[in-house]
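Colleague: Could you walk me through a protein model, one feature at a time? I am new to this and would like to learn how to read one.

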Amino acid sequence: RVNISPNTAAAAQMVAESNRNDVAAISSAHCAPLYGLEILDHDINESKDNTTRFAVFARTGNVEPPEGESSKFILLFRVNNVAGALAEALQVISHYGFNMNVLRSRPIKTTPWKYYFFAEAEGSLTSPEGREMIRELYNHCDMLKICGQYRMKKKD
């Protein structure tokens, strides 16, 4: 279960007041002594220009979204460092009719000039097109992981 807090200090306070050892919050180090919390990790950002996006995933069956809702998915993949490899993988996503909203790259720390790519796109991976797209992507990626699929309410 996810609890939404107005800010990180309120999240830390909520964790402290829960008296549970299986919940955590990301907040300022100043909150730990204030609320009697233990700092589990610090400096979790890798860059001063870093921004954070949070997602919560659950192990549930693939369920098509109800009427009035659309679906999005997130893929994590890696391609070889050869000319056109990324373009070929992206072409597969486009070929099956998925509108990609986000593409981000992150360097692989242990391998210079090698990158992971996160792609977020509209559509269902459980559809026939989604299953075919995933099958074909395996031919273009040396690593492919489905991070998740989630529902998005349509804007009125």
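Colleague: Let me start with a single residue: is Met14 buried, partly exposed or exposed?

Modeller: Happy to help, and please keep in mind that this is a predicted model. Met14 has a relative accessible area of 31%. Buried would need under 20% and exposed over 50%, so Met14 counts as partly exposed.

Colleague: Where does Met14 sit, and which residues does Met14 touch, not counting those up to four places away in sequence?

Modeller: Met14 belongs to helix 1, which covers residues 8-18. With those sequence neighbours set aside, Met14 touches Asn3, Ile4 and Ser5. You can also try a distance between C-alpha atoms: those of Met14 and Tyr35 are separated by 9.3 Å, and the two residues are 21 residues apart along the chain.

Colleague: Thank you. Next, how do I read charged side chains, and how many salt bridges are there?

Modeller: The general idea first: side chains of opposite charge can pair when their charged atoms come close. In this model the count comes to 4 salt bridges. One of them joins the side chains of Arg78 and Asp142, with 2.9 Å from N to O. Arg78 is in strand 1 (residues 69-78), while Asp142 is in the loop between helix 4 (128-137) and strand 4 (143-153), so this pair links distant parts of the chain, 64 residues apart.

Colleague: Which other residue forms a salt bridge with Asp142?

Modeller: That is Lys114, and the closest N and O atoms of this pair are 3.1 Å apart. Lys114 lies in the loop between strand 2 (99-107) and strand 3 (115-122), 28 residues away from Asp142 in the chain. Taken together, Arg78, Lys114 and Asp142 are linked in a network of salt bridges.

Colleague: Are Asp142 and Lys114 buried or partly exposed?

Modeller: Asp142 is partly exposed, at 35% relative accessibility. Lys114 is buried, at 14%.

Colleague: Which residue forms a salt bridge with Arg135?

Modeller: Arg135 pairs with Glu132, and their closest N and O atoms are 2.8 Å apart. Both residues lie in helix 4, 3 residues apart, which is about one turn of the helix. Glu132 is partly exposed, with a relative accessible area of 34%.

Colleague: What about cysteines: how many disulfides does the structure hold?

Modeller: In general, a disulfide is a covalent bond between the sulfur atoms of two cysteines. This structure holds 0 disulfides. You can still look at where cysteines sit: Cys31 is buried at 7% relative accessibility, whereas Cys147 is partly exposed at 23%.

Colleague: And how do I describe aromatic rings that pair up?

Modeller: A pair of aromatic rings is described by the distance of the centres and the angle of the planes. A search of the whole structure finds 2 aromatic pairs. Phe73 and Phe98 make an edge-to-face pair, with 5.4 Å centre to centre and 85° between the planes. Phe73 lies in strand 1 and Phe98 in the loop between helix 3 (85-95) and strand 2, so this pair ties together parts that are 25 residues apart in sequence. Phe73 and Phe98 are both buried.

Colleague: Why is the pair of Phe77 and Phe117 called stacked?

Modeller: Their ring centres are 5.6 Å apart and their planes meet at 25°, so the pair is stacked. Phe77 is in strand 1 and Phe117 in strand 3, 40 residues apart. Both Phe77 and Phe117 are buried.

Colleague: Which residues have the most contacts inside the largest nonpolar core?

Modeller: In soluble globular proteins, nonpolar side chains tend to be buried together. Here the largest nonpolar core has 18 residues, and those with the most contacts inside this core are Leu75, Phe77, Met133 and Leu137. Strand 1, helix 3, strand 3 and helix 4 each give two or more residues to this core, and helix 3 gives the most, with 4 residues. Leaving aside neighbours within four places in sequence, Leu137 is in contact with Leu75, Ala89, Val92, Ile93 and Leu144.

Colleague: One last case: which side chain makes a polar contact with the side chain of Ser124?

Modeller: The partner is Thr126, at 2.8 Å. Ser124 is found in the loop between strand 3 and helix 4, and Ser124 counts as buried at 10% relative accessibility.

Definitions and conventions. Residues numbered from 1 in each chain as written. Predicted model: local features only at pLDDT ≥ 70, side-chain atom pairs only at ≥ 80, totals over all residues. Heavy atoms only, no water. Buried < 20%, exposed > 50% of the residue type's maximum accessible area, 1.4 Å probe, protein only. Disulfide = S-S within 2.5 Å. Phe/Tyr/Trp six-rings, centres within 6.5 Å; stacked < 30°, edge-to-face > 60°. Core = buried A, V, L, I, M, F, W, Y, C linked by side-chain atoms within 4.5 Å. Contact = heavy atoms within 4.5 Å. Polar contact = N/O pair within 3.5 Å; in protein donor to acceptor, adjacent residues only side chain to side chain.
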